[in-house]
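Trainee: I'd like to know how each label on this model is earned. Let's put it on screen and start with the charged pairs.

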Amino acid sequence: MALRAAGRQSLVDTVVDQLRAQVGAGEWRVGERIPTEHALAEQLQVGRNTVREAVRVLVHAGMLRSRQGEGTFVVSMADPAEIMRGVQRAGVRDVLELRIALEVEAARLAAVRHEPADLERMRAALDAQTAFEDPEGQPDSGSLELYADHDVAFHRAVVEAAHNSALTATYSWFSSSVREALVTALGDREMPRIIHGDHHDLMTAIASGDPEAAARAARLLLERPKRAVESLLPEN
């Protein structure tokens with residue numbers, strides 16, 4: 001099966017797409033070793049260097065894993081990068097729903113695992129945010145992106161205070177979607193005004209060491225904008 005690069009797509013990209021499709025279709029199961037570079041090069045009728053670069057891309061993407069002296073194995077049939085691109089295209093409501101799922105549990109864990117430095121990072125993010133507010137305490141229309149940066153920094157500090165590496169990594173991948181959705185919401189006049197008390201209530205609940213209070217505060221903070229978004233969506 002000879003491959004030919006299409007348009008501006010490089011031959012490496014073409015091989016990446018082909019291998020991604022084969023893995024996604026289950027040609028090799030999770031845990032199974034894929035063919036050698038030599039075998040793949042013959043199958044696709046490309047050079048071994050091209051195959052090597054394509055495999056490296058998929059290793060970096062998290063679909064494959066190389067083991068020294070053993071070969072390359074399938075670890076996921078789905079490309080995490082493709083999944084995250086889908087999340088980035090999701091609507092504001094979808095992002096808020098996922099934030100609730102992640103941040104409520106993060107707040108619950110943070111209440112029992114936080115360290116003083118975690119609370120300092122939350123406080124610093126909220127203090128920095130005030131520099132980008134108008135006289136009424138709302139985001140300045142000319143600084144929405146900077147305002148959003150500090151809001152995201154606050155929520156990342158909450159998640160990091162849970163001291164769960166998997167949760168932190170997931171939220172880090174997701175944070176660009178959080179920021180994008182937040183900037184969109186801040187620029188929408190029909191969305192509710194920012195209530196700083198909600199953020200401070202969450203930080204206070206975490207500091208108190210009460211996991212249920214922290215979870216409730218996190219949910220309240222995010223449910224308010226979610227309900228506002230739902231009220232603006234057309235009925236099915």
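Mentor: A salt bridge here is a side-chain nitrogen of Lys or Arg within 4 Å of a carboxyl oxygen of Asp or Glu. Keep in mind that this is a predicted model, with local features needing pLDDT of at least 70, side-chain atom pairs counting only at pLDDT 80 or more, and totals for chains, interfaces and linings using all residues. Residues are numbered from 1 along each chain as its sequence is written, and side-chain values use heavy atoms, with hydrogens and water left out.

Trainee: What makes R99 and E103 a salt bridge?

Mentor: Their closest N and O atoms are 2.6 Å apart, so the pair falls within the 4 Å limit. Both residues sit in helix α5 (residues 92–113), 4 residues apart, or about one turn of the helix. A helix is a DSSP run of H or I with at least four residues, a strand a run of E with at least two, and both are numbered from the N terminus.

Trainee: Are R99 and E103 buried or exposed?

Mentor: Both are buried, a label that takes under 20% relative accessible area; exposed takes over 50%, and partly exposed is in between (1.4 Å probe, protein chains only).

Trainee: How do you know that R52 and E37 belong on the salt-bridge list?

Mentor: Check the distance: the closest N and O atoms are 3.0 Å apart, so the 4 Å rule is met. This pair links distant parts of the chain, with R52 in helix α3 and E37 in helix α2, 15 residues apart. R52 has 31% relative accessibility, so it counts as partly exposed, and E37 gets that label at 24%.

Trainee: What about E223 and R219, how far apart are the closest N and O atoms there?

Mentor: They are 3.5 Å apart, and the pair is a salt bridge. E223 and R219 lie 4 residues apart in helix α10 (residues 211–232), so about one helical turn separates them. E223 is called buried because its relative accessible area is 16%, while R219 is partly exposed because its value is 39%. The pair also belongs to a network of salt bridges that links R219, E223, K226 and E230. By this rule, the count comes to 16 salt bridges.

Trainee: Which residues lie nearest the centre of the second largest pocket?

Mentor: E37, V55, S66, G71 and T72, out of 17 lining residues. The elements giving two or more residues to that lining are α2 (37–44), α3 (48–61), β1 (64–67) and β2 (71–74). Among them, α3 gives the most, with 5 residues.

Trainee: And what makes it a pocket and not a cavity?

Mentor: Openness. On a 1 Å grid over the protein atoms alone, a cavity is a set of points where a 1.4 Å probe fits but cannot get out, whereas a pocket is an open set with protein on both sides within 12 Å along at least five of seven lines; lining residues have an atom within 4 Å of a point. The space in this one is about 310 Å³.

Trainee: How do you know that β1 and β2 pair?

Mentor: DSSP has to find at least two bridges between two strands. Here 4 bridges join β1 to β2, so the rule is satisfied, and the strands run antiparallel. L64 has V74 in β2 as its bridge partner, and R67 has G71. The hairpin leaves 3 residues between the strands, and G69 takes a positive phi near 80° there.

Trainee: What makes the phi of Q45 worth a look?

Mentor: Most residues other than glycine have a negative phi. Phi of Q45 is positive, near 60°, and Q45 is placed in the loop between α2 and α3. At 54% relative accessibility, Q45 is called exposed because the value is over 50%.

Trainee: Where is H163 found?

Mentor: In the loop between α7 (144–160) and α8 (165–186). H163 is another non-glycine with a positive phi, about 50°. With 39% relative accessibility, H163 is partly exposed.

Trainee: Last one: why is A125 called buried?

Mentor: Its relative accessible area is 7%, so it falls under the 20% cut-off. A125 lies in helix α6 (residues 116–129). The C-alpha atoms of A125 and V152 are separated by 8.6 Å, though the two are 27 residues apart along the chain.

Key. Points joined across faces, edges and corners; volume = space filled by probe spheres on them.
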